[in-house]
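Trainee: I would like a close look at a single part of this model, the place where two of its helices pack together. Please walk me through it and then set it in its surroundings.

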Amino acid sequence: MTSKKMSRESYDKLVAELDDLKINKRKEVAERLKVARSYGDLSENAEYDEAKNEQAILEAQIKELQFTIDNAEIVEDSNISVDEVGMSSKITIKRLDTGKVETFTIVGTNHANVREGKISDESPIGKAAMKKKVGDIIIVEAPAGELRFELVEISK
């Protein structure tokens with residue numbers, strides 16, 4: 001298993017989310033199970049089945065988050081390269097057919113939010129931009145066909 005690179009901010013958000021799931025969500029689900037159990041016969045108790053299912057989903061989420069955190073490699077701001085695109089790079093790209101210029105920050109999948117200008121390193125543009133340098137052409141396969149961008153700037 002290779003480590004997953006992420007910014008300190010992304011890592012801290014994951015840790016906070018994991019803590020919330022372990023501390024608060026577990027209590028909520030345990031309380032629902034307790035209430036459902038009080039309804040009697042568990043063999044025909046839909047509330048109990050639903051609570052058990054919710055518990056299983058919660059535990060799977062906790063396990064997945066814990067795995068991600070345990071295998072995280074934090075990219076500190078001082079280590080973000082402006083020579084080539086990597087995790088946490090802020091990139092400015094220009095679409096060659098329209099001239100439209102956009103700026104994105106490359107983040108981990110869990111923290112992608114296009115409205116905030118954060119795209120995943122696993123998204124089509126993010127994946128195609130990795131390891132590119134200023135002036136390189138980024139080619140992205142899209143349902144509408146091939147999109148071509150010029151990498152205009154890399155910053156922190």
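Mentor: Happy to: we will start with the whole chain, go on to the helix pair, and finish with two loop residues.

A word on ground rules. This is a predicted model, so local features need pLDDT of at least 70 and side-chain atom pairs count only at pLDDT 80 or more, while totals for chains, interfaces and linings use all residues. Residues are numbered from 1 along each chain as its sequence is written, and side-chain values use heavy atoms, with hydrogens and water left out.

The protein has three helices and seven strands. These are DSSP runs numbered from the N terminus, with helices being H or I of at least four residues and strands being E of at least two. In sequence order the pattern is β-α-α-β-β-β-β-α-β-β. The C-alpha trace spans about 70 × 40 × 30 Å along its principal axes. Its radius of gyration is 21 Å, whereas a compact globule of 156 residues would be near 15 Å (taken over C-alpha atoms, with the globule rule being 2.2 Å times the number of residues to the power 0.38). Of the 156 residues, 31% count as buried (under 20% relative accessible area; exposed is over 50% and partly exposed lies in between, using a 1.4 Å probe and protein chains only). Among contacts with a separation of 6 or more, 51% come from residues 24 or more positions apart (contact means heavy atoms within 4.5 Å).

Now to the helix pair. Helix α1 covers residues 8-37 and helix α2 covers residues 46-70; their axes come within 9 Å and cross at roughly 160° (axes are lines fitted to C-alpha atoms, for helices over the stretch in contact, and angles run from 0 to 180 degrees between N-to-C directions). The two helices are therefore roughly antiparallel, a label used for angles over 145 degrees, against under 35 for roughly parallel, 65 to 115 for roughly perpendicular, and oblique for the rest. Where α1 meets α2, the contact has 14 nonpolar, four polar and ten charged residues (nonpolar: Ala, Val, Leu, Ile, Met, Phe, Trp, Tyr, Cys and Pro; charged: Asp, Glu, Lys and Arg; polar: the others, Gly among them).

Let us take one residue from each helix. On α1 sits lysine 25, which is partly exposed at a relative accessible area of 33%. Leaving out residues up to four places away in sequence, lysine 25 touches Asp20 and Leu58. Lysine 25 and glutamate 73 are 48 residues apart along the chain, with 27 Å between their C-alpha atoms. On α2, look at threonine 68: its relative accessible area is 18%, so threonine 68 is buried. With residues up to four places away again set aside, threonine 68 touches Met6 and Leu14.

Finally, two loop residues. Serine 88 lies between β2 (72-75) and β3 (90-95) and has a positive phi of about 75° although it is not a glycine. Serine 88 counts as buried, at 10% relative accessibility. From serine 88 to valine 101 is 13 residues in sequence and 19 Å in space, C-alpha to C-alpha. Lysine 131, in the loop between α3 (124-129) and β6 (137-142), is another non-glycine residue with a positive phi, near 70°. Lysine 131 counts as exposed, at 57% relative accessibility.
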